[in-house]
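Reader: Hey, could you walk me through this structure? I'm new to this, so plain words please.

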Amino acid sequence: QVQLVESGGGLVQPGGSLRLSCAASGNFLSCDPMGWYRQAPGKERELVAHLRVGGSTNYADSVKGRFTISRHNDTAYLQMNSLKPEDTAVYLCNADCLVPVVAGTIRLLEVWGQGTLVTVSS
């Protein structure tokens, strides 16, 4: 089993900053890529950013220049600056993790965190 535990959400004023963390734990060999999605009320889930071990990143156009994804070992971070009310959403961590199964084999498992709420409001 692999778990992704997010933290760092909360209420912030427009123009403010927050940093989200996502820690992977459990029985796995590696997780790559790791990334963040978000889902606002009444809207579809969308990719915010993801990061591969080699360093390549991908950002949604709406957050480029404001958000930065990084990683240290098995924890991913999302630094969010210049936050806007439209950034309000539940932010979910996502990762593709290699997990051991029986008979010495491994398989790729997509894992989601439980989500952390970010509210940008004055």
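Author: Sure, let's go through some charged pairs and then a couple of single residues. One thing up front: this is a predicted model.

Reader: Cool. How many salt bridges are there?

Author: The count comes to 5 salt bridges. The general idea is that side chains of opposite charge can pair when their charged atoms come close.

Reader: Which residue does Arg38 meet in a salt bridge?

Author: That would be Asp87, with the two side chains 3.0 Å apart, N to O. Arg38 sits in strand E4 (residues 30-39), while Asp87 is in the loop between E8 and E9, so this pair ties together parts that are 49 residues apart in sequence.

Reader: And is Asp87 buried or exposed?

Author: Buried: its relative accessible area is 1%, and the cut-off for buried is under 20%. Arg38 is buried too, at 6%.

Reader: Which residues are linked with those two in a network of salt bridges?

Author: Glu46 and Arg66 join Arg38 and Asp87 in that network.

Reader: Okay, what about Lys64, what does its side chain meet?

Author: Lys64 makes a salt bridge with Asp61, at 3.1 Å from N to O. Asp61 is exposed, because its relative accessible area is 65% and anything over 50% gets that label.

Reader: How far apart are the closest N and O atoms of Arg71 and Asp74?

Author: They are 3.7 Å apart, and the pair forms a salt bridge. Arg71 is partly exposed at 26% relative accessible area, and Asp74 is partly exposed at 30%.

Reader: Switching topic: where is Lys84?

Author: Lys84 is in the loop between strand E8 (75-80) and strand E9 (89-100). With a relative accessible area of 34%, Lys84 is partly exposed.

Reader: What does Lys84 touch, if I skip residues up to four places away in sequence?

Author: Arg66 and Val120. Arg66 is also one of the residues in the salt-bridge network from before.

Reader: And how far is Lys84 from Ala23?

Author: From C-alpha to C-alpha they are 25 Å apart in space, and in sequence they are 61 residues apart.

Reader: Last one: which strand is Asn94 in?

Author: Asn94 is in strand E9. Asn94 counts as buried, at 9% relative accessibility.

Reader: So what does the side chain of Asn94 make a polar contact with?

Author: The side chain of Glu110, at 3.1 Å. Beyond its neighbours within four places in sequence, Asn94 is in contact with several residues, including Leu4, Pro33, Tyr37 and Trp112.

Technical notes. Residues numbered from 1 in each chain as written. Predicted model: local features only at pLDDT ≥ 70, side-chain atom pairs only at ≥ 80, totals over all residues. Heavy atoms only, no water. Helix = DSSP H or I, 4+ residues; strand = E, 2+ residues; numbered from the N terminus. Buried < 20%, exposed > 50% of the residue type's maximum accessible area, 1.4 Å probe, protein only. Contact = heavy atoms within 4.5 Å. Salt bridge = Lys/Arg side-chain N within 4 Å of Asp/Glu carboxyl O. Polar contact = N/O pair within 3.5 Å; in protein donor to acceptor, adjacent residues only side chain to side chain.
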